[in-house]
Amino acid sequence: AIQSRKWGRNDQERAQIISSLDKGSFIEAVTTAASCNIMPDGRRGYLITRQSRNANGGRGGYTVTFQADYKGLIDVAKRCDTRIQNIHADTIHENDVFEASEGSNRSFNHSIPRETLSTGRGEVQGAYAIVYYKDGHYDAEVLSLADLKKIMACSSANYGPNKDWPLQMHRKAAIRRLCKRLPETPDMARLMDVENADFDMA
């Protein structure tokens, strides 16, 4: 399940990384993925290599860490609460149409105008996650651009999914915040512990 471009851009780089891989960190990363019930398949989760002087008992090399993708969080959320029908997350851009109202006239609408397919959706303004329940009601979490910047600044990684795929990570940030309101099963508790460690939010 070696599914990160940080494992090298070609066979030679991959061979170099694998030859100096910290085996202990690799086992720990795979064990962490298993404890969260997320397959590190490049879609639901990743095994990410980072060069480190502390790898291999101080001899240097590459360490491995596990990081969940937002789709992995959705899978765990659905397993922890059987009432959930679906969870959707997206980024909000300056040329999107987005409206969210709370209270007695609660409503939620996000649409992408057709013309933005050629002109572009513009800069990111925020992100949201919305959970739809089987009984027809829903719950939503909306994060502003300031929220997203603050969350990303807490990331302990200098590269990897948090930095290389920001739109996916913005979706994940909204889902992670939404998950705090879901039932806390062992899988969800373990996943939140891993996420908090990665973002220095323990």
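This report walks through the fold, the cores, the sheet and a few single residues of one protein chain.

The model is predicted: local features need pLDDT of at least 70, side-chain atom pairs count only at pLDDT 80 or more, and totals for chains, interfaces and linings use all residues. Residues are numbered from 1 along each chain as its sequence is written, and side-chain values use heavy atoms, with hydrogens and water left out.

## Overall picture

The protein chain holds nine helices and seven strands. Helices (H or I, at least four residues) and strands (E, at least two) are DSSP runs, numbered from the N terminus. Of its 202 residues, 43% count as buried. Buried means under 20% relative accessible area, exposed means over 50%, and partly exposed lies in between (1.4 Å probe, protein chains only).

The accessible surface of the chain is about 11100 Å². Carbon and sulfur atoms hold 48% of that surface. The areas come from the Shrake-Rupley method with a 1.4 Å probe; for residues, only the protein chains shown count as cover.

Now the contacts, meaning heavy atoms within 4.5 Å. Among contacts in the chain with a separation of 6 or more, 62% link residues 24 or more positions apart.

## The cores

A nonpolar core is a set of buried Ala, Val, Leu, Ile, Met, Phe, Trp, Tyr and Cys residues joined through side-chain atoms within 4.5 Å. The largest one here has 38 residues. Ile38, Phe66, Ile175, Cys179, Leu182, Met188 and Leu191 have the most contacts inside it. Two or more residues come from each of α2 (23–35), β2 (61–68), α4 (70–80), β3 (84–93), β6 (124–133), α6 (145–153), α8 (166–179) and α9 (186–198). Helix α4 gives the largest share of this core, six residues. Apart from this core lies another, of five residues, including Ile92, Tyr128, Tyr138 and Ala140.

What does α4 bury? Its buried residues are Tyr70, Gly72, Leu73, Ile74, Val76, Ala77 and Cys80. They pack against β2, β3, α8 and α9. Met188 is in contact with Val76, Ala77, Cys80, Cys179 and Pro183, leaving aside its neighbours within four places in sequence.

## The sheet and the hairpin

Strands of a sheet pair through backbone hydrogen bonds, either parallel or antiparallel. Here, three strands form an open sheet in the order β3-β6-β7, with antiparallel pairing. Two strands pair if DSSP finds at least two bridges between them. The edge strands β3 and β7 (138–144) each pair on one side only. From one strand to the next, the twist averages 10°.

β3 and β6 run antiparallel and are joined by nine bridges. Thr91 has Ala127 of β6 as its bridge partner. Helix α8 packs on the sheet and touches β3, β6 and β7. The direction of α8 makes about 45° with that of β6. Such axes are lines fitted to C-alpha atoms, for helices over the stretch in contact, and angles run from 0 to 180 degrees between N-to-C directions.

Strands β4 (residues 97–101) and β5 (residues 107–111) also run antiparallel, joined by five bridges. Glu99 stands opposite Asn109 in β5. The hairpin of β4 and β5 has five residues between the strands, and Gly103 takes a positive phi near 95° there.

## Three residues

| Residue | Element | Relative accessibility |
|---|---|---|
| Arg171 | α8 | 16%, buried |
| Gly24 | α2 | 44%, partly exposed |
| Glu141 | β7 | 12%, buried |

Which residues does Arg171 contact, its neighbours within four places in sequence aside? They are Tyr70, Ala89, Asp90 and Thr91.

Gly24 and Gly57 are 33 residues apart along the chain. Their C-alpha atoms are separated by 9.8 Å.

Glu141 makes a side-chain polar contact with the side chain of Arg181 (2.5 Å). A polar contact is a pair of N or O atoms within 3.5 Å; within protein, one must be able to donate a hydrogen and the other to accept it, and residues adjacent in sequence count only if both atoms are side-chain atoms. Not counting residues up to four places away in sequence, Glu141 touches Ala127, Tyr128, Ala129, Ala174, Arg177, Leu178 and Arg181.
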